[in-house]
Amino acid sequence: MSTLLAGISYFAPVFLAAESGMENRLFGLDLQMGADAVILALAVFFLFFMMSYLLFNPARELMKKRQDRIREDMDTASKEKADAVEMKKEYTAKLSQADKDVDEILSAGRKKALARENEIVTEAKAEAARVMERAEKEIELEKSKVRDEVKQEMVDVAQAMAGKIIAASIDEETQARLIDEALNEMGENTWQK
């Protein structure tokens, strides 16, 4: 509306000059031309209003909806980013916990292995001690057998020698007594060496 008034006030001297009968007109402006200009101005204003209503307002609404959608997308993206950051923190915490669990499991495995190693060593030592004890018993049995055999051989040799030396004069009872005396004189230490 203000443009219409401005246009009228601009052309007012021309209209007044045309009515006063001045032949010296600018561009041949007359009253009809002024009226046409006013009608044209009104038509342009009406066209502008209609275009604004039919085209600009829908375009503005479209732009507003687009801005709202973009704002919503940005809000959603920021929420998702915050969720992703939170999930990353959770996964990092879970990974560190998993590393701790693995370390604990490995530590427990090492402890079990060391305990099993000690158990095996203890069992091996006990088995070695049993084997040594059995071997010592067997050695003692063998020594005893050897002593008995050597004793028996010495008895046989002594009998043979004594039998040859005193075969005619001594009877068997006397001979056995002499052998026992000889063995007692030699002593047990002789048989153990």
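**In what pattern do the secondary structure elements follow along the sequence?** Read from one end of the chain to the other, the pattern is α-α-α-α. Keep in mind that this is a predicted model.

**Figure 1. The whole chain, with 4 helices and 0 strands.** The chain has 193 residues, and 6% of them count as buried. About 16,800 Å² of the chain is exposed, and 62% of that comes from carbon and sulfur atoms. If you take the contacts between residues at least 6 apart in sequence, 41% of them join residues at least 24 apart. The close-ups below stay mostly with helix H2, which spans residues 31-165.

**Figure 2. Ser52, a buried residue in helix H2.** Ser52 has a relative accessibility of 14%, so it counts as buried; the cut-off for that label is under 20%. Who does Ser52 touch, leaving aside residues up to four places away in sequence? The partners are Asn57, Pro58 and Arg60.

**Figure 3. A nonpolar surface patch that includes Tyr53.** Seen here are Leu47, Phe48, Met51, Tyr53, Leu54, Leu55 and Phe56, which together make a patch of about 740 Å². Tyr53 sits in helix H2. Is Tyr53 buried or exposed? Its relative accessibility is 54%, so Tyr53 counts as exposed, the cut-off being over 50%. Compare that with Ser52 from the previous view, which counts as buried at 14%.

**Figure 4. A salt-bridge network of Lys64, Asp68 and Arg71.** Start with Lys64 and Asp68: their side chains meet in a salt bridge, at 3.7 Å from N to O. Now look at Arg71, which also forms a salt bridge with Asp68, with 3.1 Å between the closest N and O atoms. So Asp68 takes part in a bridge with Lys64 and in a bridge with Arg71, and the three residues end up linked in one network. The spacing along helix H2 is worth a look too. Lys64 and Asp68 are 4 residues apart in the helix, which means about one helical turn separates them. Arg71 and Asp68 are 3 residues apart in the helix, again a separation of about one helical turn. As for accessibility, Lys64 is partly exposed at 48%, Asp68 is partly exposed at 27%, and Arg71 is partly exposed at 45%.

**Figure 5. The Arg116 and Glu119 salt bridge in helix H2.** How far apart are the closest N and O atoms of Arg116 and Glu119? They are 2.6 Å apart, and the two residues form a salt bridge. Arg116 and Glu119 are 3 residues apart in helix H2, so about one helical turn lies between them. Both ends of the bridge have some access to the surroundings: Arg116 is partly exposed, with a relative accessible area of 40%, and Glu119 is partly exposed, with 39%. For the chain, the salt-bridge count comes to 6, and the bridges in this view and the previous one are among them.

**Figure 6. A negative surface patch that includes Glu142.** Which residues form this patch? They are Glu138, Glu142, Asp148, Glu149, Glu153 and Asp156. Glu142 is a handy one to pick out, and like the residues in the earlier views, its place is in helix H2. Its relative accessible area is 45%, so Glu142 counts as partly exposed; patch residues need over 30%.

Notes. Residues are numbered from 1 along each chain as its sequence is written. This is a predicted model: local features need pLDDT of at least 70, side-chain atom pairs count only at pLDDT 80 or more; totals for chains, interfaces and linings use all residues. Side-chain values use heavy atoms; hydrogens and water are left out. Helices (H or I, at least four residues) and strands (E, at least two) are DSSP runs, numbered from the N terminus. Buried means under 20% relative accessible area, exposed over 50%, partly exposed in between (1.4 Å probe, protein chains only). Contact means heavy atoms within 4.5 Å. Accessible areas come from the Shrake-Rupley method with a 1.4 Å probe; for residues, only the protein chains shown count as cover. Patches are made of residues with over 30% relative accessible area and no salt bridge: like charges are joined within 9 Å, nonpolar side chains (Val, Leu, Ile, Met, Phe, Trp, Tyr) within 5 Å. A salt bridge is a side-chain nitrogen of Lys or Arg within 4 Å of a carboxyl oxygen of Asp or Glu. Lys and Arg count as positive and Asp and Glu as negative; His and the chain ends are not counted. The place of a charge is taken as NZ of Lys, CZ of Arg, CG of Asp or CD of Glu.
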